[in-house]
Amino acid sequence: MATIFTKIIDGTIPSIRIYEDELCIVILDIAPVAKGHALVIPKQCWSSVVECPEEVFAHIMKIVQKVDKRLREVLAADATNIVINDGPAAGQEVPHLHVHVIPRYVKDGLKLQMPKTSYGQGEIEVVGESLNLSR
Ligand code: AMP
């Protein structure tokens with residue numbers, strides 16, 4: 001599938017590329033939440049985390065860690081938000097897996113927190129049991 005990111009990867013669309021290897025690229029987001037907001041993008045187009053082979057996903061997260069370190073060192077970020085919008089219902093605009101790494105500062109005033117809900121009586125145990133991965 002051709003996405004804006006496949007066009008960026010093949011060079012048809014320009015980007016500011018801060019890293020590249022055989023499996024992924026890292027570019028600066030064109031509409032950043034904060035300056036330095038980076039996107040780690042696998043070169044092969046999988047639309048979601050579950051489609052991405054485990055070893056490629058592990059590599060992507062290794063590069064996310066490098067980018068995070070760089071944002072803290074070079075831009076003096078106090079923290080980062082590391083975000084994957086994994087599917088349209090989660091706000092994914094580009095159907096090509098990518099990880100946002102967003103520099104954050106103590107006084108940046110941004111509110112990226114997710115709204116909170118709550119469980120009914122006994123509900124958290126039921127949901128926990130249904131999701132138990134150790135069984
Ligand atoms: P998402 O909503 O998680 O799919 O995020 C897609 C991101 O891609 C958005 O933050 C966009 O600003 C970014 N984006 C879209 N087009 C470009 C582009 N040509 N270069 C860099 N970033 C882009």
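Let me start with a cysteine. The sulfur of Cys 52 has its closest cysteine sulfur in Cys 24, 10 Å away, which is too far for a bond. This is a predicted model, so please hear every number today as a computed one.

The same gap can be read from the other end: for the sulfur of Cys 24, the closest cysteine sulfur is the one in Cys 52, at 10 Å, again too far for a bond. A disulfide needs the two sulfur atoms within 2.5 Å. How many disulfides does the structure hold? The count is 0. Are these two cysteines buried or exposed? Cys 24 is buried, with a relative accessible area of 0%. Cys 52 is buried too, at 7%.

Next, the salt bridges. The search covered the whole structure and found 6 of them. I will go through some.

Take Lys 43 and Glu 20. They form a salt bridge, and the closest N and O atoms are 2.8 Å apart. Where do the two residues sit in the chain? Glu 20 is in strand β1, residues 17-20, while Lys 43 is in the loop between β3 (38-42) and α2 (54-74), so this pair ties together parts that are 23 residues apart in sequence. Lys 43 is partly exposed, at 27% relative accessibility. Glu 20 is also partly exposed, with a relative accessible area of 42%. The pair does not stand alone, since Arg 17, Glu 20 and Lys 43 are linked in a network of salt bridges.

Then there is Asp 108 with Arg 104. Their side chains meet in a salt bridge, with 2.7 Å from N to O. Arg 104 counts as buried, at 13% relative accessibility, whereas Asp 108 is partly exposed, with 25%. If you are following on the structure, buried here means under 20%.

One more pair: Arg 135 and Glu 129. Here the N to O distance in the salt bridge is 3.2 Å. Arg 135 counts as exposed, at 64% relative accessibility. Its partner Glu 129 is partly exposed, with 43%.

Now the ligand. How many residues surround it? There are 16, and the closest are Asp 29, Asn 85, Glu 93, His 98 and His 100. I have three contacts to show you. In the first, a polar side-chain atom of Asp 29 lies 2.5 Å from an oxygen atom of the ligand. In the second, an N or O atom in the side chain of Asn 85 is 2.9 Å from a ligand oxygen. The third involves the backbone: a polar backbone atom of Ile 30 is 3.1 Å from a nitrogen atom of the ligand. How much of the ligand does the protein bury? Taken alone, the ligand exposes 510 Å², and the protein buries 87% of that.

Last, the surface. Which residues make the nonpolar patch of about 260 Å²? They are Ile 16, Ile 18 and Leu 28. Leu 28 is found in strand β2, residues 24-28. At 32% relative accessibility, Leu 28 counts as partly exposed. Residues in a patch must have over 30% relative accessible area, so Leu 28, at 32%, meets that cut-off.

To go back over the counts: 0 disulfides, 6 salt bridges, and 16 residues around the ligand. That is what I have.

Note on methods
Residues are numbered from 1 along each chain as its sequence is written. This is a predicted model: local features need pLDDT of at least 70, side-chain atom pairs count only at pLDDT 80 or more; totals for chains, interfaces and linings use all residues. Side-chain values use heavy atoms; hydrogens and water are left out. A salt bridge is a side-chain nitrogen of Lys or Arg within 4 Å of a carboxyl oxygen of Asp or Glu. Helices (H or I, at least four residues) and strands (E, at least two) are DSSP runs, numbered from the N terminus. Buried means under 20% relative accessible area, exposed over 50%, partly exposed in between (1.4 Å probe, protein chains only). A residue is near a molecule or strand if one of its heavy atoms lies within 4 Å of it. A polar contact is a pair of N or O atoms within 3.5 Å; within protein, one must be able to donate a hydrogen and the other to accept it, and residues adjacent in sequence count only if both atoms are side-chain atoms. Accessible areas come from the Shrake-Rupley method with a 1.4 Å probe; for residues, only the protein chains shown count as cover. Patches are made of residues with over 30% relative accessible area and no salt bridge: like charges are joined within 9 Å, nonpolar side chains (Val, Leu, Ile, Met, Phe, Trp, Tyr) within 5 Å.
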